[in-house]
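Good morning, everyone, and thank you for making room for this on the agenda. I would like to walk through one protein chain slowly, strand by strand, and then turn to its pocket, so please keep the picture in view while I talk.

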Amino acid sequence: MSAAVSTDAAGGIVTSMLYEVWTLGHFEAVPRFIHPAYTMLDERAEIRLRGREAFIETVAAFRSLFDEPRMNVTHLISGQDMVAYRWELTGRISDAKLLAPALQAIERHVPEIRLLSHRGLSIARFKDGMIIEEWSEADNTTMSQQLGWWT
């Protein structure tokens, strides 16, 4: 880890970023957490996002799916210049049309159907006290099952 960030501080940066940006939607806080040269790679190490603006657009898109989204860290391990963390994004789907037709038909009678939990694992690398690179893998299958699109 760079001299500017301790292992404990790196974990704090991740948890603060998830709360302030993902949960609260304070996008003006992104420059405190995300390096200007940020990249997010998928599980095959292919670049998905590059830069702060792409990060903000992605977070905003996910947040728009939920009423009162909450992003939590369920597990966190830090060492050297990296932090591995398991995350969970929860909330109520903002638009019932995202549900499969069969679930849409009963949604007004069973509103709990709109509750959703999306989980994944990310590994963040730090530079200059900010996240410069992340590898992320999300459980999209379970999310699709909750929406009723995949059984």
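Let me begin with β4 and β5, which pair in the antiparallel sense over eleven bridges; within that pairing, tyrosine 85 stands opposite serine 122 in β5. I should say at once that this is a predicted model, with an average pLDDT of 85 for the protein chain and 87% of the residues scoring at least 70. That confidence varies along the chain, because among its elements helix α2, residues 30-33, has the highest mean pLDDT, at 98, while helix α4, residues 101-107, has the lowest, at 68, where pLDDT is the predictor's confidence in each residue.

On the other side of β4 we come to β3, and these two strands also run antiparallel, joined by eleven bridges. Histidine 75 stands opposite arginine 86 in β4. If you follow the chain from β3 into β4, you pass through a hairpin with two residues between the strands, and in that turn glutamine 80 has a positive phi of about 50°.

Now, in what order do the strands of the open sheet lie? There are six of them, arranged as β2-β1-β6-β5-β4-β3, and the pairing is mixed. The strands at the edges are β2 and β3, residues 66-79, each of which pairs on one side only. On average, and ignoring direction, neighbouring strands of this sheet are turned by 25° against each other.

Towards the β2 edge, strand β1, which covers residues 34-41, pairs with β2 in the antiparallel sense over three bridges, and methionine 40 stands opposite leucine 49 in β2. Helix α3 lies across β1, β2, β3, β4, β5 and β6, and it runs at about 60° to β1.

That brings me to the largest pocket, which holds about 410 Å³ of space. Which residues lie nearest its centre? They are Met40, Arg48, Trp87, Ser136 and Ala138, out of 22 residues that line the pocket. Met40, then, is the methionine we have just met opposite leucine 49.

Several elements, namely α1, β2, α3, β4, β5 and β6, each supply at least two residues of the lining, and the largest share, four residues, comes from β6. If we sort the lining residues by character, we find twelve nonpolar, five polar and five charged.

I will stop there and gladly take questions.

Notes:
Residues are numbered from 1 along each chain as its sequence is written. This is a predicted model: local features need pLDDT of at least 70, side-chain atom pairs count only at pLDDT 80 or more; totals for chains, interfaces and linings use all residues. Side-chain values use heavy atoms; hydrogens and water are left out. pLDDT is the predictor's confidence in each residue, from 0 to 100. On a 1 Å grid over the protein atoms alone, a cavity is a set of points where a 1.4 Å probe fits but cannot get out, and a pocket is an open set with protein on both sides within 12 Å along at least five of seven lines; lining residues have an atom within 4 Å of a point. Grid points are joined across faces, edges and corners, and a volume is the space filled by probe spheres set on the points. Ala, Val, Leu, Ile, Met, Phe, Trp, Tyr, Cys and Pro count as nonpolar, Asp, Glu, Lys and Arg as charged, and the others, Gly among them, as polar. Two strands pair if DSSP finds at least two bridges between them. Axes are lines fitted to C-alpha atoms, for helices over the stretch in contact, and angles run from 0 to 180 degrees between N-to-C directions. Contact means heavy atoms within 4.5 Å.
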